[in-house]
Amino acid sequence: MNQAKPQTAVPPTDNAPRTNDTVVDGNEADARSIRQSILRHLQCTLGELPRHVDSSWEPYVSLALAVRDRMIANWIRTQETYYERDAKRVYYLSLEFLMGRTLGNAMLNVGITDACAQALHELGYSLEDLRNAEWDAGLGNGGLGRLAACFLDSLATLQLPAYGYGIRYEYGIFHQRIIDGAQVEVPDTWLEYGNPWEIARLNDQFTVHLYGHVHLEKMDDGNLKTHWINTEEVVGIPYDTPVPGYQNGTVNTLRLWQARAGRDFDFRHFNAGDYRAAVDAKMRSENISKVLYPNDNVLEGKELRLKQEYFFVSATLQDIIRRYKKQWRMHDEPAGLPLFQRFTERVAVQLNDTHPALAIPELMRILLDEHGLSWDEAWRVTTGTFAYTNHTVMPEALERWPVWMVGKVLPRHLQLIFEINHRFLQTVRERHPGDDDRCRRLSIVEEGDEQRVRMANLAIVGSHSVNGVAALHTEILKTDVFADFVDLWPLKFHNKTNGVTQRRWLLKANPGLSGLITEAIGDGWITDLYQLKNLVAFVDDAAFQERWRDVKRANKERLITEIVRQYRRRGEALTIPAHALFDCQVKRIHEYKRQLLNALHAITLYNRIKERPRAAFTPRVILFSGKAAPGYHQAKLIIRLINAIGRVVNHDPDVADRLKVVFLSDYRVSLAEKIFPAADLSEQISTAGTEASGTGNMKFALNGALTIGTMDGANVELAEEIGRDHMFLFGLSVDDVKRLRPEYSPRLFVAQSEELRRVLDQLRDGAFSPEEPGLFRPIVDSLLSRDEYLLLADYDAYVAAQEFVSAGYREPGPWTRKSIWNVAHTGKFSTDRTIAEYARDIWGLHPVRP
């Protein structure tokens with residue numbers, strides 16, 4: 001691969017005239033013009049001679065630039081229209097954007113996939129090869145970042161004025177390698193060869209301040225003016241990526257910030273011979289956008305994480321206000337209206353979890369200290385601007401920052417947080433006089449051995465709207481986690497169930513199935529997923545069922561190729577039967593998601609086969625994929641266990657093709673696009689009451705997999721839409737969990753289950769780690785001593801549900817009928833529906849057509 005980073009021409013910014021002569025109008029997007037564009041970029045932008053190119057990277061970059069050219073005219077037109085029509089805009093702030101690969105999605109939404117394929121064929125290239133040359137933009141850890149990416153797609157498709165804001169991490173989520181069964185983290189250098197989709201907007205950079213101290217100046221009128229002085233300066237450089245709607249002319253923007261030092265080089269230190277100190281400030285500043293989620297097990301990592309969160313919200317708010325001032329000058333200044341009078345009429349900011357919550361005191365600082373608004377007016381603007389989405393029901397996952405650290409890094413903001421808290425608690429005391437316990441629970445500042453700032457409480461107090469992401473999740477928030485806040489502001493809390501974009505997760509990821517669906521019911525489902533309901537007419541059509549199974553078989557063969565390739569790279573030969581049930585659990589590795597329960601079931605199946613080697617068993621491939629946080633020892637041990645089980649099972653001649661246990665490494669968007677279409681069974685087995693929503697459940701169902709799961713997160717709503725008789729539900733409910741926890745005895749459940757007892761004995765005695773017999777003993781000890789997520793309590797019910805799965809899969813007709821029925825009833829789970837609800841209920845946003 002060519003190490004040189006391609007240089008690209010920079011088109012005008014969002015308010016510049018349409019004068020760029022490289023802009024190509026969308027109606028020229030045919031194979032001939034695309035072929036010419038590819039050749040032009042290959043020669044003029046990259047300086048390569050086509051006949052001398054010996055890798056797929058340069059042709060990929062040239063194709064990407066050709067596709068980007070066809071978005072730029074609409075990109076500029078979209079931004080101009082927003083200004084001309086004085087549109088209200090929503091700004092989606094997220095520390096994660098798990099975008100994956102851009103090429104395929106961009107071609108699809110612009111409507112030029114076939115033309116690009118033809119042009120490449122004429123040039124002697126394969127579109128699939130060039131797609132695979134693109135690196136995944138892994139700027140996220142899981143569902144939070146992927147949801148943000150799906151939201152951007154739906155915002156553009158619904159033609160809503162919107163911008164995504166985040167950080168341009170130099171290193172994304174780590175690459176995961178499996179070495180001797182263990183996860184090994186490798187840096188994700190996704191920008192090593194450049195990113196042809198992004199455009200640096202050097203004229204829109206902003207300075208962000210850190211550290212320093214607060215100085216009060218007495219003014220002539222006797223009032224005090226606050227100054228934040230002696231700060232370190234970091235410069236935020238914006239990089240823009242176009243986000244096209246589905247074939248509608250709208251192109252929105254994802255803006256990611258890169259941190260640079262306010263001063264790159266200190267000549268004073270250099271001339272004194274202290275060369276390290278000469279660049280020390282540069283290194284400290286640029287670390288801010290270096291890594292997604294620095295290790296916060298050490299203080300330096302925690303402080304860096306805090307700086308990341310503030311850096312991106314400060315740069316973003318400065319940018320939002322810059323853009324708002326343009327609107328004010330165009331529409332309000334001539335009428336003599338004060339600068340911020342219509343701010344909330346034009347600006348909505350959605351906080352994706354608590355990571356951007358520092359935007360609340362930052363906006364207050366800007367309004368108070370830089371623009372001189374009164375406290376009451378600044379607070380009116382602030383609370384009218386922000387809305388907060390919560391993504392967790394587990395208290396330990398809610399961010400809390402040490403007060404001393406906030407005071408060190410952001411001294412002015414700590415003052416503002418204390419003042420916000422003081423005024424808020426006055427309101428609480430007026431409503432509940434003498435109730436000090438309630439004040440302690442609601443306080444933004446948590447007391448104790450170490451004072452901490454509760455970011456969720458700050459987000460709730462400073463926002464006009466708080467939403468959960470599934471009906472059950474929202475109910476738990478209202479009745480448990482944030483019950484006191486709901487008592488105070490009952491109308492502030494509501495639900496917005498998550499979704500996925502069908503354009504990536506069905507149309508792009510599963511062309512075989514999407515083509516069959518379109519042939520049967522038309523293509524209206526691409527922008528209105530509820531139209532999939534028309535598939536109900538085909539559930540009993542034998543010929544349609546056969547074609548449905550053919551598509552699934554082809555998708556399995558494609559995934560098998562990936563499995564075999566990965567295992568060959570690890571030095572292991574593996575054969576996978578395509579006729580087997582593909583039983584898939586792919587998600588972040590965490591104890592509450594209970595990959596361990598799935599692994600215990602795999603051992604149970606293995607034991608049954610060994611006991612009855614001549615018996616008939618439903619062939620099954622149990623497939624896992626997901627990353628564990630680098631410092632999460634137990635999760636990484638579970639990965640080792642899964643791979644250890646696979647090493648034993650996959651090469652036991654008694655088992656043959658009846659059972660395979662597979663762990664695919666480096667789970668990412670492009671790998672997920674191969675797994676979801678091939679899956680027969682979707683594992684959604686978290687402990688009831690722990691998963692906020694989940695979106696993997698939706699992607700699997702959309703691709704025809706049946707669900708085995710607990711009544712947790714969005715599984716509840718899946719069951720309502722699809723019907724419980726079309727799923728395999730099991731296990732404790734949320735109420736059952738509450739009743740069981742106080743007196744839970746894991747050993748009691750073990751005593752009642754002979755199969756479970758045998759499985760735990762095997763783990764304890766080293767049956768799957770003979771070279772290191774005690775390796776998995778910590779897992780057994782943890783289960784027997786506390787079993788925090790109640791695996792042992794749900795084991796028997798889970799195994800029984802899996803027996804129904806096996807029996808069902810042996811009957812292809814009824815199984816396929818359920819698969820078609822599942823897809824037909826997933827209409828609710830599109831982010832188009834989710835975003836439409838946000839726009840209507842929270843943002844007050846309306847479509848704007850360029």
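## A starting point in helix 26

N697 sits in helix 26, which covers residues 696-702. This is a predicted model, and in it N697 is buried, with a relative accessible area of 1%. Leaving out residues up to four places away in sequence, N697 touches S682, Q684, A714, N715 and L718.

Distance along the chain can be set beside distance in space for this residue. N697 and A836 are 139 residues apart in sequence, and their C-alpha atoms lie 21 Å apart.

## Helix 27, next door in the contact list

Two of the residues touched by N697, namely N715 and L718, are themselves buried residues of helix 27. How many of the eight residues of helix 27 are buried? Six of them are, so this helix, residues 715-722, is largely enclosed by the rest of the structure. The buried ones are N715, V716, E717, L718, A719 and I722.

Some background on helix geometry may help when you look at that list. An α-helix has 3.6 residues a turn, so residues three or four places apart point the same way. Just after helix 27 comes G723, whose phi is positive at about 105°.

## The whole protein

Stepping back, the protein has 34 helices and 25 strands. Its radius of gyration is 28 Å, close to the 29 Å that the globule rule gives for 850 residues, so the protein is as compact as a globular protein of that length. Along the principal axes, the C-alpha trace spans about 95 × 75 × 65 Å. Of the 850 residues, 62% count as buried. Take the contacts between residues at least 6 apart in sequence: 78% of these join residues at least 24 apart.

The accessible surface comes to about 32,500 Å², and carbon and sulfur atoms account for 49% of it. For those thinking about electrostatics, there are 103 positive and 112 negative charges, and the mean positions of the two sets are 2 Å apart.

## Two buried histidines

H413 is found in helix 15, residues 411-431. Is H413 buried or exposed? With 0% relative accessibility, H413 counts as buried. Setting aside neighbours within four places in sequence, its contacts are W228, Y310, P361, E362 and R365. The C-alpha atoms of H413 and C584 are separated by 46 Å, with their positions 171 residues apart along the chain.

H601 belongs to helix 23, which runs over residues 595-611. H601 is also buried, with a relative accessible area of 2%. Beyond its neighbours within four places in sequence, H601 is in contact with R620, Y798, V799 and Q802.

## Cysteines without a bond

How many disulfides does a search of the whole structure find? The search returns zero. C150 gives a worked case: the closest cysteine sulfur to its own is in C584, 19 Å away, which is too far for a bond, since a disulfide needs the two sulfur atoms within 2.5 Å. C150 counts as buried, at 1% relative accessibility. C439 is buried too, with a relative accessible area of 5%.

## Loops with positive phi, and a partly exposed glutamate

If you check backbone torsions, D86 is worth a look: it is not a glycine, yet its phi is positive, at about 50°. D86 lies in the loop between helix 2 (57-84) and strand 1 (89-93). Its relative accessible area is 18%, so D86 counts as buried, the cut-off being under 20%. Y211 is another residue other than glycine with a positive phi, near 60°. Y211 is placed in the loop between strand 8 (206-210) and strand 9 (213-218), and with a relative accessible area of 13% it is buried.

E333 is found in the loop between helix 10 (299-331) and helix 11 (343-346). With a relative accessible area of 40%, E333 is partly exposed, because that class lies between 20% and 50%. E333 and A106 are 227 residues apart in sequence, and 39 Å separates their C-alpha atoms.

Notes. Residues numbered from 1 in each chain as written. Predicted model: local features only at pLDDT ≥ 70, side-chain atom pairs only at ≥ 80, totals over all residues. Heavy atoms only, no water. Helix = DSSP H or I, 4+ residues; strand = E, 2+ residues; numbered from the N terminus. Rg over C-alpha atoms; globule rule 2.2 N^0.38 Å. Buried < 20%, exposed > 50% of the residue type's maximum accessible area, 1.4 Å probe, protein only. Contact = heavy atoms within 4.5 Å. Areas by Shrake-Rupley, 256 points an atom, 1.4 Å probe, with all protein chains shown as cover. Lys, Arg positive; Asp, Glu negative; His and termini not counted. Charge placed at Lys NZ, Arg CZ, Asp CG, Glu CD.
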